[in-house]
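Hi everyone, thanks for making time. I'd like to walk you through one structure, so please pull it up and follow along.

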Amino acid sequence: MTTRVADNTDESRFEIFDGGELAGFVEYHRFRDEIAFLHTEIDPRFGGRGLGGTLARSVLDEARKQELKVLPFCPFIRGWLGKHPEYTGLVPEAQHERFGL
């Protein structure tokens, strides 16, 4: 099945679709040059397929593309960042200790 991620600006969330069905999302709050990721959810029906990781990578790649500073309040995004140090530079250095990076 095809997977795609879309920014639903009306809902302030990135959504991941699997085969046309909404499989999950990451809620965010954007202010100036920062994006705070608040909550990630994957529908249990889509669990175990790696969609959470796909979604995390996609939203962080988009933040990088837009040159946004990332504030990972969401435990899932924060944990994913901890496992992928190539993305921790998106979090301002002064915030690393706050987010355990």
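**Salt bridges, rings and a few odd corners**

Let's start with K69 and D33, whose side chains meet in a salt bridge, 3.1 Å from N to O. This pair links distant parts of the chain: K69 sits in strand β5, residues 69–72, while D33 is in the loop between β3 and β4 (34–42), 36 residues away. How accessible are the two partners? K69 counts as partly exposed because its relative accessibility is 37%, and D33 is partly exposed too, at 34%.

Before I go on, one caveat: what you're looking at is a predicted model.

So, how many salt bridges does the structure hold? Five. As a general reminder, side chains of opposite charge can pair when their charged atoms come close. Another of these bridges joins E15 and R13, with 2.8 Å from N to O. Are E15 and R13 buried or exposed? Both are buried.

Then there's R45 with D43, where the side chains form a salt bridge at 3.5 Å, N to O. D43 has a relative accessible area of 27%, so it goes down as partly exposed. And there's a bit extra here: E21, D43 and R45 are linked in a network of salt bridges.

Okay, from paired charges to a cluster of like ones. Which residues gather in a patch of negative charge on the surface? They are D10, E11, E27 and E41. Take D10 as one of them: it lies in the loop between β1 (3–8) and β2 (13–18). D10 is exposed, because its relative accessible area is 74% and the cut-off is over 50%.

Stay in that loop for a second, since S12 is also found between β1 and β2. S12 has a positive phi of about 55°, although it is not a glycine. Why point that out? Because most residues other than glycine have a negative phi. S12 is partly exposed, with 30% relative accessible area.

E67 does a similar thing, with a positive phi of about 55° and, again, no glycine there. Where is E67? Look in the loop between α1 (51–65) and β5. E67 counts as exposed, at 70% relative accessibility.

Now the rings. The structure holds three aromatic pairs. In one of them, F14 and Y28 have their ring centres 5.2 Å apart and their planes at 45°, so this pair is tilted. F14 is in strand β2 and Y28 is in strand β3, residues 21–31, so the pair ties together parts that are 14 residues apart in sequence. Both F14 and Y28 are buried.

Last stop: two residues with some C-alpha distances to go with them. R78 is in helix α2 and is partly exposed, with a relative accessible area of 26%. From R78 to I35 you cover 43 residues in sequence, and 13 Å in space, C-alpha to C-alpha. L90 is found in the segment after α2 (75–83). Is L90 buried or exposed? It's buried, with a relative accessible area of 10%. L90 and D61 are 29 residues apart in sequence, and their C-alphas are 9.6 Å apart.

If you take one thing back to your desk, make it the K69 and D33 bridge, which links distant parts of the chain. That's me done, thanks for listening.

Key. Residues numbered from 1 in each chain as written. Predicted model: local features only at pLDDT ≥ 70, side-chain atom pairs only at ≥ 80, totals over all residues. Heavy atoms only, no water. Patch = residues over 30% accessible without salt bridge, like charges linked within 9 Å, V, L, I, M, F, W, Y side chains within 5 Å. Areas by Shrake-Rupley, 256 points an atom, 1.4 Å probe, with all protein chains shown as cover. Salt bridge = Lys/Arg side-chain N within 4 Å of Asp/Glu carboxyl O. Lys, Arg positive; Asp, Glu negative; His and termini not counted. Charge placed at Lys NZ, Arg CZ, Asp CG, Glu CD. Helix = DSSP H or I, 4+ residues; strand = E, 2+ residues; numbered from the N terminus. Buried < 20%, exposed > 50% of the residue type's maximum accessible area, 1.4 Å probe, protein only. Phe/Tyr/Trp six-rings, centres within 6.5 Å; stacked < 30°, edge-to-face > 60°.
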